[in-house]
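Me: Hi! Could you walk me through this protein with me as a beginner?
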Amino acid sequence: MKNLIGFITAGVLGGLIVLAGVFYMMPQMTTTAPQSSYAQNVNNKINVKKGTVAAPLDFKAAAKKAMPVVVHISATESTAAARKRKQNNRNSDPFSQFFGGDSPRGGSGSGVIYSNDGYIVTNNHVVAGADQVEVTLTDNRQYNATLVGTDPSSDMAVLKIEGNNLPTLQFANSDKAEIGEWVLAVGNPFDLTSTVTAGIISAKGRDIDLIQNNNGSSIESFIQTDAAVNPGNSGGALVDATGRLLGINTAIATNTGTFSGYSFAIPVNLMRKIVGDIIEYGSYQRAFLGINIMDVDNELAKELGLSFSQGVVIRDLIDGGAAQYAGLLPNDVITMVNSQKIKNVPELQEVVGSAKVGDTIKVTVTRKGKTKVIPVRLKKG
């Protein structure tokens, strides 16, 4: 009996020692053990409050903000306008009578409510040639829209509907958007209203020779993403993971006419300048440096004796232009404007295009191995 009591006592004491050890080690185990996927998702959602996203997360909140702000646009050409167009074509092209008909042309796309009093931004190619434009909101309210103005050089257009207290989005800073950042594309592909797709920013400052014009004044500095965009998405919203407007979806790179992995959006910083000018003046008041430029590549870097191979070299100056007046010279290599690094021509066009006529910008150049900062007061083209 004494031996049995001794064994029991020893067992109880051993168990207590083990329990004490577990409780003692518990804090360390809690802090060093790997997080569960649920815990990681919770942390990712917390990071969204700071505007950064480290891993895939729930996009419901961002989609909920963006969807009511994106509208469906139906743009058509009246029969009278179609006949006038055909007559003009026949007068200028003797072969036009054998092609096409008198039937009106039409199309559809997307738009983003810019202000709560009814201004809507979309792409110029969505409404080009149309004289009847109808806007449908996500709650199925329909409005006849008036074309306020367009800017073909950037493929932007502004519409106006008679609405009040309409939903809008907070604007992001597209200059600070980073490659790898999560984004959503919101629009109406194939007339499927209120469609949301997700992806990441895969490049910035893309020039894809989309906008063709005779004077070479087009601005292409697209945000490239892999969010699925198809015909009908044009003019819709590109938003960040917090639901802020980051750009206007404009184009896709494709051999088939449908999404093949890359889509392109006009940055919101550039869009705001263009749209603001169209609303205030009726047209884009574009500022120019007054230079002909080209990208620095490895061969040109060797020719100019540069220790770097990114930037924009001035080929020549336009007489009476802002750059000539400020003292910039041919073969100056532009590497920065204000506090923003310039790696290529599209980035320089975007920065200058976002500035106002009369603004003074600080242009950092490399000239014969030396760095100079030259203030330039921008002029209207």
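Reply: Happy to: we can chat about strands, aromatic rings and a helix residue in this predicted model.

Me: Cool, strands first. Which strand does strand 3 pair with?
Reply: Strand 3 pairs with strand 6 (residues 156-160) in the antiparallel sense, over five bridges. Within that pairing, Ile120 has Leu159 as its bridge partner.

Me: And how many residues of strand 3 are buried?
Reply: Five of its five residues, so to speak of residues 119-123, are buried.

Me: What about strand 1, what does that pair with?
Reply: Strand 1 pairs with strand 4 (residues 132-136), also antiparallel and over five bridges. Ala75 stands opposite Val133 there. In strand 1, five of the seven residues are buried.

Me: Switching to rings: how many aromatic pairs are there?
Reply: The count comes to three. One of them is Phe59 with Trp182: the ring centres are 5.4 Å apart and the planes are at 50°, so the pair is tilted.

Me: Where do those two sit in the chain?
Reply: Phe59 is in the loop between helix 2 and helix 3, and Trp182 is in strand 7, so the pair ties together parts 123 residues apart in sequence.

Me: Is Phe59 buried or exposed?
Reply: Phe59 counts as buried, because its relative accessibility is 16% and the cut-off for buried is under 20%.

Me: Last topic, Glu347. Where is that, and what does it touch?
Reply: Glu347 lies in helix 9 (residues 345-353). Leaving out residues up to four places away in sequence, Glu347 touches Gly205, Ser221, Lys341 and Ile342. At 10% relative accessibility, Glu347 counts as buried.

Methods
Residues are numbered from 1 along each chain as its sequence is written. This is a predicted model: local features need pLDDT of at least 70, side-chain atom pairs count only at pLDDT 80 or more; totals for chains, interfaces and linings use all residues. Side-chain values use heavy atoms; hydrogens and water are left out. Buried means under 20% relative accessible area, exposed over 50%, partly exposed in between (1.4 Å probe, protein chains only). Helices (H or I, at least four residues) and strands (E, at least two) are DSSP runs, numbered from the N terminus. Two strands pair if DSSP finds at least two bridges between them. Contact means heavy atoms within 4.5 Å. Rings of Phe, Tyr and Trp (its six-membered ring) pair if their centres lie within 6.5 Å; planes under 30 degrees apart count as stacked, over 60 as edge-to-face and the rest as tilted.
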